[in-house]
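User: Hi! I have just opened a new protein model and would like to walk through it with you, one question at a time.

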Amino acid sequence: MNKTAEKILKILEEKKSPVSGEEISNILGITRSAVWKQINELKNMGYEINSSRTEGYELIEKTTKLLPYEINRYLKTDFIGRDIRYFESTPSTTWVAKDLCSNEDPKNLNGTVLVAEEQTGGVGRLGRAWFSPKGGIWTTIIIKPNVPIDRLFFVTMAGSIAVARAIRRMFDIGALIKWPNDIYIGDSKVSGILLELSAEADQIHYCLLGIGIDANVKPEDLQGGMKTPVTSISVENGEDINRAEFFATVLREFERRYEMIEEGEFESIVHEWKSLSLTLEKRVRITTPRKSFEGEAIDLDEYGALIVKKDNGMIERVISGDCTPVQ
Ligand code: BTN
């Protein structure tokens, strides 16, 4: 949103009654036709504005789009999301982020958030397609973590904890984390998280934390072909949510955990993750590209690996793969 549109929006919000084009043009020192042009821009962005020849302009309803201006109303972070780049539609925020990081110094992009209304080529874990229709929250957070590479799983954990906590805090819905990084409500998936890394030897260039949240989407609009049952926050909540407020809460919750990780407080993160785990103390089936087996998920180690006790008593340390609860 350009600065003039932002100023006009502020005037309309403050007045709470119709404001004439002339008054706005006097306040901002621009022509009435420039005001009219910006009002049209705002309407295109989804703001419902009444224009009456006699009375002027009146803001009826804010936009429901995830515009940076809207997220900023609620954002209480120090650096995550202080630069938000918005896309009406993009193949994948991950790809946009990769592009950005190859054109700019990732150090200057630390905390930058990309968010899209819809993705036409969203990518999930293990190269799977990730359906990203309008109404969801499809985001990539660019970070340059100051942590050892073998602790990077903690950044994913921080993302999972943030989404689960935000759902719990705002809607009082008991969201839980399924290892490695899915958020579930009951037995349905509501969010998935994916960390991508660019590194050389032990030096991290940047990390891309991709988060997909089925916020205001109908499960039937999601993956027809997906094996896992899916749900959305709006379905569980009984009505559409304020995505901007929710997203700002996720970013805040994430930033808090991320700072803990940079401070080396790994144990606290493991402890919180365990308290939100859907997986631990359950019988699970683990599927990796090489093998598949069942056992009891007994623990999460200090590197984020799942510890599974197989039926023959052997202990397996699982670092990646699919984990499905078994009845
Ligand atoms: C999973 O498979 O569970 C992880 C899904 C991650 C999806 C997010 S949506 C934003 C970002 N852009 C993508 O293309 N993927 C990630």
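**A walk through the model**

Analyst: Happy to help! Pro180 sits in the loop between strand E6 (176-178) and strand E7 (182-185). Please keep in mind that this is a predicted model.

User: Is the peptide bond from Trp179 to Pro180 cis or trans?

Analyst: Let's look at the omega angle of that bond, in the loop between E6 and E7. From Trp179 to Pro180, omega is near 5 degrees. The peptide bond there is cis.

User: Which residues come nearest to the ligand?

Analyst: There are 20 residues around the ligand. Those that come nearest are Ser92, Gln119, Val123, Arg125 and Lys189.

User: Which ligand atom lies 2.7 Å from a polar backbone atom of Val123?

Analyst: Let's take the side chains before the backbone. Polar side-chain atoms of Thr94 and Gln119 lie 3.1 Å and 2.9 Å from a nitrogen atom of the ligand. For Val123 the polar atom belongs to the backbone, and its partner 2.7 Å away is an oxygen atom of the ligand.

User: How much of the ligand's accessible area does the protein cover?

Analyst: On its own, the ligand has 420 Å² of accessible area. The share of this that the protein covers is 98%.

User: Which element gives the largest share of the shell around the ligand?

Analyst: The elements that give two or more residues to this shell are helix H5 (93-103), strand E5 (137-143), strand E8 (188-200) and strand E9 (203-213). The largest share is four residues, and the element that gives them is E8.

User: How many residues of that shell are polar?

Analyst: The shell around the ligand can be sorted into three classes. Six of its residues are nonpolar and three are charged. The polar residues number 11.

User: Where on helix H5 do the buried residues lie, and which exposed residues are turned away from them?

Analyst: In H5, the buried residues are Thr93, Thr94, Val96, Ala97, Leu100 and Cys101. Looking down the helix axis, these buried residues fall within an arc of 160 degrees, so they line one face of H5. The face turned away from that buried side carries the exposed residues Ser102 and Asn103.

User: Why does Cys101 count as buried?

Analyst: A residue is called buried when its relative accessible area is under 20%. Cys101 is buried because its relative accessible area is 7%.

User: How far from Cys101 is the nearest cysteine sulfur?

Analyst: A disulfide is a covalent bond between the sulfur atoms of two cysteines. Here a pair counts if the sulfur atoms are within 2.5 Å, and by this rule the model has zero disulfides. Cys101 is in no disulfide, and the nearest cysteine sulfur, which belongs to Cys207, is at 9.8 Å.

User: Is Cys323 buried or exposed?

Analyst: The same cut-off of under 20% applies. Cys323 has a relative accessible area of 1%, so this cysteine is buried.

User: Which residue has a side chain in polar contact with that of Gln38?

Analyst: Gln38 lies in helix H3 (residues 32-44). With a relative accessible area of 11%, Gln38 is buried. Its side chain makes a polar contact of 3.0 Å, and the partner is the side chain of Asn2.

User: How far apart are the C-alpha atoms of Ile167 and Phe246?

Analyst: Ile167 belongs to helix H7 (residues 153-171), and at 0% relative accessibility it is buried. Phe246 is 79 residues away along the chain. In space, the C-alpha atoms of Ile167 and Phe246 are separated by 7.9 Å.

User: Is Leu126 buried or exposed?

Analyst: Leu126 is found in the loop between strand E4 (113-119) and E5. Although Leu126 is not a glycine, it has a positive phi of about 55 degrees. Its relative accessible area is 53%, and over 50% counts as exposed, so Leu126 is exposed.

User: What is the relative accessible area of Asp172?

Analyst: Asp172 is in the loop between H7 and E6. Its phi is positive, about 55 degrees, although Asp172 is not a glycine. Asp172 is exposed, with a relative accessible area of 71%.

User: Which exposed residues of helix H10 are turned away from its buried side?

Analyst: Buried in H10 (residues 266-275) are Phe266, Ile269, Val270, Glu272 and Trp273. Seen down the axis of H10, they fall within an arc of 165 degrees, so they line one face of the helix. On the face turned away from this buried side are the exposed residues Glu267 and His271.

Definitions and conventions:
Residues are numbered from 1 along each chain as its sequence is written. This is a predicted model: local features need pLDDT of at least 70, side-chain atom pairs count only at pLDDT 80 or more; totals for chains, interfaces and linings use all residues. Side-chain values use heavy atoms; hydrogens and water are left out. Buried means under 20% relative accessible area, exposed over 50%, partly exposed in between (1.4 Å probe, protein chains only). A residue is near a molecule or strand if one of its heavy atoms lies within 4 Å of it. A polar contact is a pair of N or O atoms within 3.5 Å; within protein, one must be able to donate a hydrogen and the other to accept it, and residues adjacent in sequence count only if both atoms are side-chain atoms. Accessible areas come from the Shrake-Rupley method with a 1.4 Å probe; for residues, only the protein chains shown count as cover. Ala, Val, Leu, Ile, Met, Phe, Trp, Tyr, Cys and Pro count as nonpolar, Asp, Glu, Lys and Arg as charged, and the others, Gly among them, as polar. The arc is that of the directions from the helix axis to the C-beta atoms.
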